[in-house]
Amino acid sequence: MQPFTVSRQADAGSAIVAHGADRTVAFIAGGTDLLGLIKDRATLPDHLLDINALPAMAAIDARSDGSVRIGALARMSDVAAHPAVRQRYPVVSESLLFAASGQLRNMASIGGNIMQRTRCAYFRDGDDLPCNKRKPGSGCSALHGLNRSHAIFGWSDSCVATHPSDLAVALAALDATVHVRGLQGDREVPFLEFHRLPDDTPEKDNVLGRGDLIIAIEIPPRAEGRASHYLKVRDRQSYEFALVSTAAAVATDGGNIRSARLAIGGVAHKPWRLGAAEEALRGLSLDDAPHLRAAIAKSFTDARPLAHNAFKVELAQRCVLRALQTAGARA
């Protein structure tokens with residue numbers, strides 16, 4: 001493991017300046033993903049800025065308008081257990097509880113969770129096979145290699161990896177906002193714009209640059225949020241990344257869907273929102289499975305499965321249907 005130094009930061013401004021000035025510096029909070037990347041030699045920082053002491057960044061603020069602001073340093077376990085999160089957005093709490101072991105949830109930060117990097121074996125294993133995320137321009141071994149767990153939407157010839165965060169799928173469905181502080185001041189990034197598709201630069205997972213620090217994530221008040229559910233399909237029941245997953249939130253009128261918010265995970269380089277399905281589902285009965293399936297299928301017409309993951313197209317649609325009906329039963 002490459003040696004590195006660590007310093008503890010108590011001021012966000014100085015931490016941002018230090019990060020912005022040196023490409024070999026990385027922020028660390030819980031470290032549950034970063035330390036694994038270092039061990040895998042997928043990232044090799046010379047110095048880590050420990051930001052756990054930054055003030056007011058671990059708070060969970062349930063506001064009177066129905067929104068919740070979650071500090072970037074809040075721990076996954078604290079957010080999952082927070083009464084307002086469980087009541088207003090069960091999909092968020094469930095996504096966190098499915099995301100990792102109890103020990104990791106006690107350490108991992110919310111900001112770090114949404115910044116996780118792909119679990120593609122070609123990126124993580126460090127066996128010198130081509131990987132554009134590890135060595136830009138070298139190629140993508142998964143494109144014609146082992147790609148059972150890889151993308152069916154939005155991939156490019158440069159990368160077919162998927163984003164691993166469960167929480168990110170729930171936040172995408174709820175139209176959350178990421179609050180970022182950088183060298184040029186504060187800005188707000190709509191969650192659906194935070195992560196990037198690979199295109200020709202798959203080494204860039206999100207829109208953050210040098211000196212950018214996530215301060216908080218804000219979830220707006222949503223009528224659909226209280227009737228929501230996160231469903232994760234994986235190869236084993238305990239502590240595994242999703243083959244496919246669904247965050248579903250729904251508002252109903254007499255058993256018919258007034259509005260639905262749907263996002264899926266395990267299928268793209270970012271959480272994938274099902275806009276066409278959301279439109280087609282309006283007015284349908286939650287008990288009308290055939291028409292629900294037809295509406296959901298409208299978001300899968302542009303799916304592009306790879307050699308070993310065509311099963312994801314059908315599996316994801318079944319996952320969406322089940323999550324939608326489970327969410328609807330809570331309305």
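What share of the contacts in the protein with a separation of 6 or more comes from residues 24 or more positions apart? The share is 64%. The legends below concern a predicted model.

**Figure 1. Overall view of the predicted model, with its 13 helices and twelve strands.** The C-alpha trace extends over about 60 × 50 × 35 Å along its principal axes. For 331 residues, a compact globule would have a radius of gyration near 20 Å, and the value for the protein, 20 Å, agrees with this. Buried positions make up 55% of the 331 residues. The exposed surface of the protein comes to about 14100 Å², of which carbon and sulfur atoms supply 50%. The protein carries 39 positive and 35 negative charges, and the mean positions of these two sets lie 3 Å apart.

**Figure 2. Close-up of the cysteine residues Cys159 and Cys140.** The closest cysteine sulfur to that of Cys159 belongs to Cys140, at 5.5 Å. A disulfide requires the two sulfur atoms to be within 2.5 Å, so this separation is too far for a bond. In the structure as a whole, the search finds zero disulfides. Cys159 is buried, with a relative accessibility of 4%. Another cysteine, Cys319, is likewise buried, at 3% relative accessibility.

**Figure 3. Close-up of Thr118 in the loop between helices H7 and H8.** Helix H7 covers residues 110-114 and helix H8 covers residues 121-124, with Thr118 in the loop that lies between them. The relative accessible area of Thr118 is 4%, and the residue therefore counts as buried. Thr162 is 44 residues away from Thr118 in sequence, yet the two C-alpha atoms are 6.0 Å apart in space. When neighbours within four places in sequence are set aside, the contacts of Thr118 include Thr162 itself, together with Ala161 and Pro164. Phe123, Arg124 and Lys133 are also in contact with Thr118.

**Figure 4. Close-up of Leu129 in the loop between H8 and H9.** Leu129 is partly exposed, at 39% relative accessibility. Its C-alpha atom is 6.7 Å from that of Ser141, a residue twelve positions away in sequence. Beyond the neighbours within four places in sequence, Leu129 is in contact with Tyr122 and Ser141.

**Figure 5. Close-up of helix H5, residues 90-97.** Seven of the eight residues of this helix are buried, so helix H5 is largely enclosed by the rest of the structure. The buried residues of H5 are Pro90, Val91, Val92, Ser93, Glu94, Ser95 and Leu96.

**Figure 6. Close-up views of two loop residues with positive phi, Ala56 and Asp175.** Ala56 has a phi near 65°, a positive value in a residue that is not glycine. Ala56 is placed in the loop between strand E3 (47-50) and strand E4 (60-62). With a relative accessible area of 75%, Ala56 is exposed. Asp175, also not a glycine, has a positive phi of about 55°. The loop that holds Asp175 runs between helix H9 (166-173) and strand E6 (177-182). Asp175 counts as partly exposed, with 24% relative accessibility.

Methods:
Residues numbered from 1 in each chain as written. Predicted model: local features only at pLDDT ≥ 70, side-chain atom pairs only at ≥ 80, totals over all residues. Heavy atoms only, no water. Helix = DSSP H or I, 4+ residues; strand = E, 2+ residues; numbered from the N terminus. Rg over C-alpha atoms; globule rule 2.2 N^0.38 Å. Buried < 20%, exposed > 50% of the residue type's maximum accessible area, 1.4 Å probe, protein only. Contact = heavy atoms within 4.5 Å. Areas by Shrake-Rupley, 256 points an atom, 1.4 Å probe, with all protein chains shown as cover. Lys, Arg positive; Asp, Glu negative; His and termini not counted. Charge placed at Lys NZ, Arg CZ, Asp CG, Glu CD.
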